[in-house]
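The exercises below are to be worked with the coordinates open. Each one sets a task and then follows it with a solution in steps.

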Amino acid sequence: MALIPTEKIWHNGKLIPWNDAKIHIMAHVVNYGSSVFEGVRCYKTKHGAGIFRAQEHAQRLLDSAKIYRMYTDFNAADIVRGMVELCAINHTIPCYLRPLIFRGYGEVGVNPKNVPIEVYIANYEWGKYLGHGDADQGVDVCVSSWTRNAPNTMPAMAKAGANYMNSQLIKMEAVANGYVEGIALDVNGYVSEGSGENLFLVKNGTIYTPPLGNSVLGGITRDSVIQLARDLGLPLVQQLIPREMLYICDELFFTGTAAEITPIGSVDRISIADGKCGPVTRKLQKEFFGIVSGEIEDRHNWFTAVPVNQPAVIG
Ligand code: PMP
């Protein structure tokens, strides 16, 4: 997806020009992948611009950093303020936000002694991630030959840049073989998640999703869907999912900030029902898209308002 530069990027509490947000090739992160990050959406709702679950994304960013002993003086409220400030100043509504914490330029050893921690937030225009633009048609996916990282290797609950080497293997293989996305199994052969999405399935009226112990990211959209299922009185369990459940389920869908709620039509060329968005997925989509568009009341206070004085340039 082409990146369209905005005017400003937030760096350690200050706004700098987009083109000045540069790092040295000997920065720790370039050599060892030492970064954690977030992907957040700012929606253009009926009631104005709003960042979706800003607080939860900021907290997950800091939690990811904590797992890797990357300490910063900025707290979650600072990150939320930075995101709001950036959306307001760049006038790119709707947009995707990319908060990022990494080890910068200092010493060159693996042990990050005397290496500064840098905090950045960028935002940019981003549209539909998966699918062909037809919300009713499920996407075609495969089970990846690559497994997710084993729990005691790269911690899945940290959204670390380096985890996305594994995601790249899954995604590139899937695309090379004509699929939109790959589903990875965990090290024990149970269903984990997509390269950048959590996974849910429906079987006999019950919704299933793998628990956090199956090497999945604690997705914020995953959490939203769990809350919406509860609101709608739909039974949902978090349990181990064997691979073959993917082939015989009634409905299957991805969730993610980028993917939102994307129905899956086939796995390994085996059709899921008629390959179209199923009734439970549709109920959840209706509720989710209703809330993010402002058509349905934001009863969980998921939005942080962005004061945009001038008309948005996008959307
Ligand atoms: N799993 C992985 C590996 C991801 O990269 C993402 C996207 N952040 C998700 C799940 C979905 O998480 P969220 O709903 O918070 O975007």
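**Exercise 1. Ligand contacts**

How many Å separate an oxygen atom of the ligand from an N or O atom in the side chain of R60? Extend the list to the other residues around the ligand, bearing in mind that the model is predicted.

Solution. Begin with the arginine: an N or O atom in the side chain of R60 is found 2.8 Å from an oxygen atom of the ligand. Next, take the surroundings as a whole, where 16 residues surround the ligand and the closest are Y164, E193, I220, T221 and T257. Two of these can then be examined atom by atom: I220 places a polar backbone atom 2.7 Å from a ligand oxygen, whereas T221 uses a polar side-chain atom, at 2.6 Å from an oxygen atom of the ligand.

**Exercise 2. A second partner for the arginine**

Which side chain meets R60 in a salt bridge, and where in the chain do the two residues lie?

Solution. The search over the whole structure returns 12 salt bridges. One of the salt bridges joins the side chains of R60 and E38, with an N to O distance of 2.8 Å. To place the pair, note that R60 belongs to helix 2 while E38 sits in the loop between strand 3 and strand 4, so that distant parts of the chain, 22 residues apart, are linked.

**Exercise 3. The interface between the domains**

Describe the division of the chain into domains, and then characterise the interface by area, by composition and by polar pairs.

Solution. First, fix the bounds: domain 1 covers 8-127 and domain 2 covers 139-293. Their C-alpha centres are 26 Å apart, and the contact draws 21 residues from domain 1 and 22 residues from domain 2.

Second, turn to area, since the size of an interface is often given as the accessible area lost when the parts come together. Here about 1800 Å² is buried between domain 1 and domain 2, with carbon and sulfur atoms giving 59% of that area. On the side of domain 1, the residues that lose the most area to domain 2 are F37, R53 and R60, which together make up 31% of what that side buries.

Third, count the polar pairs: the interface of domain 1 and domain 2 holds two salt bridges and 11 residue pairs in polar contact. Separately, E260 and R41 form a salt bridge whose closest N and O atoms are 3.9 Å apart, a value that falls within the 4 Å cut-off for such a pair.

Fourth, assign the domain 1 side to its elements: strand 3 (35-37), strand 4 (40-45) and helix 2 (54-67) each give two or more residues, and helix 2 gives the most, with five. By class, that side of domain 1 comprises nine nonpolar, six polar and six charged residues.

**Exercise 4. Backbone exceptions**

Most residues other than glycine have a negative phi, and most peptide bonds are trans. Which residue has a positive phi although it is not a glycine, and which two residues does a cis peptide bond join?

Solution. For phi, the residue is N12, at about 45 degrees, and N12 is located in the loop between strand 1 (8-11) and strand 2 (14-17). For the peptide bond, I93 and P94 are joined in cis, with omega about 0 degrees, and P94 falls in the loop between helix 3 (76-90) and strand 6 (95-103).

Note on methods
Residues are numbered from 1 along each chain as its sequence is written. This is a predicted model: local features need pLDDT of at least 70, side-chain atom pairs count only at pLDDT 80 or more; totals for chains, interfaces and linings use all residues. Side-chain values use heavy atoms; hydrogens and water are left out. Domain bounds come from an automatic or database domain assignment. Contact means heavy atoms within 4.5 Å. Buried area is the accessible area (1.4 Å probe) that two parts lose on being put together, summed over both. A polar contact is a pair of N or O atoms within 3.5 Å; within protein, one must be able to donate a hydrogen and the other to accept it, and residues adjacent in sequence count only if both atoms are side-chain atoms. Helices (H or I, at least four residues) and strands (E, at least two) are DSSP runs, numbered from the N terminus. Ala, Val, Leu, Ile, Met, Phe, Trp, Tyr, Cys and Pro count as nonpolar, Asp, Glu, Lys and Arg as charged, and the others, Gly among them, as polar. A residue is near a molecule or strand if one of its heavy atoms lies within 4 Å of it.
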